[in-house]
Amino acid sequence: MKQYKASGKIQKARMTCALMGLGFISLLSGCGGGGSGAASEPVAPPTVSIDVFGARGGTLTAIVSATGCSATPTVTWQSSAGVAMGAGTTIQDTQANAALIATATCSTASATQTLAANTVHTALSAFAVLKNGSAVAWGNPVWGGQTDTAAAITGISQLFASERGFAALLSDNSIKAWGSSYVAITDPNLVYPATGAIASSALTNIASVIPGRVAYFATKKDGSIAAWGSFRGITNGEDGYIGDSKIGLSPITLALLSDIKAMASTEGAYALLKSDGTVVTFGDQDAGGNSSSVQSLLTNVTQLAGSNFDFVALRKDGKVVTWGYGYAANSGDAEINTTLTDIAKIYMNGYAGAAIDNKGAASAFGYTALIDSADSSSVTASLTNVSKIYATQTAFAALRTDGTVISWGDLPRMGSSLNAVQSSLTNVKSVHATEYAFAALKNDGTVVSWGDPELGGDSSAVSPQLTKVVALTSNKYAFAALKSDGTVVTWGMKSKGGDSSAAAPRLNNVRAIYATAYGAFLAINKDGSFVTWGDQWAGGGTVPATLSKIPYTS
């Protein structure tokens with residue numbers, strides 16, 4: 001066959017068409033057989049944005065918007081040091097004292113939001129915010145809200161909240177604390193051995209601090225323990241100092257302590273879990289302070305929990321040990337619970353316990369003759385594939401992996417309201433509680449509540465507003481729902497934060513809500529401005545003028 005050489009004009013046309021096919025030329029004619037065809041529009045590049053909601057130390061949720069993506073955007077979380085913290089639009093924040101970076105990725109586009117390290121701390125009835133090495137405190141003027149006392153302390157590196165006050169770890173590794181007389185200490189070297197020590201030894205050379213209910217336990221850099229505070233007297237009604245030689249943290253008991261891993265408490269006693277899996281207890285004998293009857297059983301302990309009057313220990317072999325007043329024990333006496341085997345996690349309400357085994361089956365335990373939440377037999381068949389259990393003072397709610405919720409206990413308060421909403425407890429993301437009511441946040445952004453209507457169990461008055469909810473916060477008396485548009489919806493006891501109408505004009509760009517247990521809320525806007533509402537003696541009143549911003553992003 002005879003070969004013909006293309007002319008220069010034809011070669012140029014062919015090259016132009018080839019370049020168009022590679023995407024370098026977007027508006028050409030005469031290629032592919034049509035010199036008069038319509039020009040193709042340029043494809044817009046993908047875009048993505050991210051906005052994070054939730055209080056540091058709690059559940060964080062990322063809201064992502066994207067266009068032009070070839071796949072669903074992904075979200076990853078990492079510390080400011082580059083350590084991976086999780087993936088997905090929702091995570092549990094376990095590193096609240098450090099900055100956190102959330103990144104959304106969509107095809108070739110990405111966006112980040114950096115959350116500031118947590119600075120907000122809450123006692124039962126007071127807030128404290130760490131600012132430039134000092135603390136700004138307000139609320140109950142006896143239980144941690146002493147503004148002037150807190151402001152006088154400088155060089156603070158970390159804050160720790162107990163029920164009735166705050167402790168500050170200073171940059172020189174010493175401790176100062178304020179609040180009730182049980183926990184307040186202004187001189188780290190002040191020790192009163194003759195009267196039941198304010199501190200068991202000088203609060204210097206401190207490496208770490210574990211807060212108790214009305215006490216603190218500090219590990220020194222040499223491994224020794226220093227403690228201060230009190231325990232409540234259940235039997236005689238009188239509170240006692242930790243240094244009480246008879247039932248407090250006596251020198252003999254203190255000598256047993258080293259390498260504290262975790263702490264649990266009842267209303268009148270403390271239990272300290274050591275790194276070797278043993279347990280040391282002290283305090284009111286009838287509230288778990290005396291563990292001598294089960295001491296030989298307290299080995300290889302992996303988890304401690306406390307109710308109002310009893311302690312529960314989970315061992316490495318999956319068995320559960322109970323001691324204290326007797327509500328948490330099936331027989332009413334200290335025991336190893338033979339009905340619980342292969343347990344992975346334990347939970348307590350005020351009087352009874354609940355457990356999840358390694359297969360995801362849940363059950364309740366305790367003295368069923370007195371405590372109805374200790375008896376889960378009526379819902380046993382449904383307590384499978386349980387991922388987590390939540391508690392009010394007198395009831396439990398189990399969240400299953402399929403998003404359904406099974407609740408039991410406190411029938412006089414919970415029964416009828418639970419029956420009314422049970423069919424709606426599907427597609428649930430998380431459950432939250434006041435003292436006697438539950439609220440479930442669903443994946444579609446709606447909320448279902450049940451329990452004591454005065455304490456948030458009845459949300460019907462605000463249910464039309466409970467859409468696009470991304471986070472729930474509660475105190476003992478009320479709930480606050482944060483929506484994806486930055487607004488807030490509240491219900492429950494009005495004087496304890498259930499009524500936020502006075503604060504509403506400033507609740508329009510909120511990213512995080514914090515609460516004190518005794519009835520106040522603090523909402524932080526994206527720009528660092530903030531607003532409080534609720535009981536002024538619990539922190540819902542005026543904030544010191546020295547605090548103008550609480551950073552959420554950085």
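Me: Which strands do the buried residues of α4 pack against?
Reply: This is a predicted model: local features need pLDDT of at least 70, side-chain atom pairs count only at pLDDT 80 or more, and totals for chains, interfaces and linings use all residues. Residues are numbered from 1 along each chain as its sequence is written, and side-chain values use heavy atoms, with hydrogens and water left out. Helices (H or I, at least four residues) and strands (E, at least two) are DSSP runs, numbered from the N terminus. By contact (heavy atoms within 4.5 Å), the buried residues of α4 pack against β30 (405–408), β32 (437–442) and β33 (447–451).

Me: Which residues of helix α4 are buried?
Reply: Buried means under 20% relative accessible area, exposed over 50%, and partly exposed in between (1.4 Å probe, protein chains only). Helix α4 covers residues 411–421. Its buried residues are Met-414, Gly-415, Ser-417, Leu-418 and Val-421.

Me: Which residue forms a salt bridge with Asp-410?
Reply: A salt bridge here is a side-chain nitrogen of Lys or Arg within 4 Å of a carboxyl oxygen of Asp or Glu. Asp-410 is buried, with a relative accessible area of 7%. Its partner is partly exposed at 31%. The closest N and O atoms are 2.8 Å apart, and the partner is Arg-413.

Me: How many salt bridges does the structure hold?
Reply: The pair of Asp-410 and Arg-413 is one of them. Arg-511 with Asp-51 is another, the closest N and O atoms being 2.8 Å apart. The total is nine.

Me: How many residues apart are Arg-511 and Asp-51?
Reply: Arg-511 sits in strand β37 (residues 510–516), and Asp-51 in strand β1 (residues 47–53). Arg-511 counts as buried at 7% relative accessibility. Asp-51 is buried too, at 15%. The salt bridge links distant parts of the chain, at a separation of 460 residues.

Me: Which residues are joined with Asp-51 into one network?
Reply: Asp-51 also meets Lys-526 in a salt bridge (3.4 Å, N to O). Lys-526 lies in the loop between β38 (520–525) and β39 (530–534), 475 residues from Asp-51. Lys-526 is partly exposed, with a relative accessible area of 31%. Through shared salt-bridge partners, Asp-51 is joined with Arg-511 and Lys-526.

Me: Is the disulfide of Cys-69 and Cys-106 left-handed or right-handed?
Reply: The count is one disulfide, a disulfide being a pair of cysteine sulfur atoms within 2.5 Å. In this model the sulfur atoms of Cys-69 and Cys-106 are 1.3 Å apart. The torsion about the S-S bond is about -100°, so the disulfide is left-handed.

Me: How far apart in sequence are the parts that the pair Cys-69 and Cys-106 ties together?
Reply: Cys-69 is partly exposed at 26% relative accessibility, whereas Cys-106 is buried at 1%. Cys-69 lies in the loop between β2 (59–67) and β3 (74–79). Cys-106 belongs to strand β6 (residues 100–106), so the pair ties together parts whose separation is 37 residues.

Me: What distance separates the C-alpha atoms of Trp-228 and Val-405?
Reply: Trp-228 has its place in strand β16 (residues 225–231). Trp-228 is buried, with a relative accessible area of 0%. Trp-228 and Val-405 are 177 residues apart along the chain, and their C-alpha atoms are separated by 41 Å.

Me: Which residues are in contact with Tyr-390, leaving aside its neighbours within four places in sequence?
Reply: Tyr-390 is found in strand β28 (residues 386–391) and is buried at 14% relative accessible area. Val-448, 58 residues away in sequence, lies 15 Å from Tyr-390, C-alpha to C-alpha. With those neighbours left aside, the contacts of Tyr-390 are Ala-395, Phe-396, Ala-397, Leu-399, Ser-430, Val-431 and Phe-438.

Me: What share of the residues of the protein counts as buried?
Reply: The secondary structure comes to four helices and 39 strands. The C-alpha trace spans about 115 × 55 × 55 Å along its principal axes. Of the 554 residues, the buried share is 52%.
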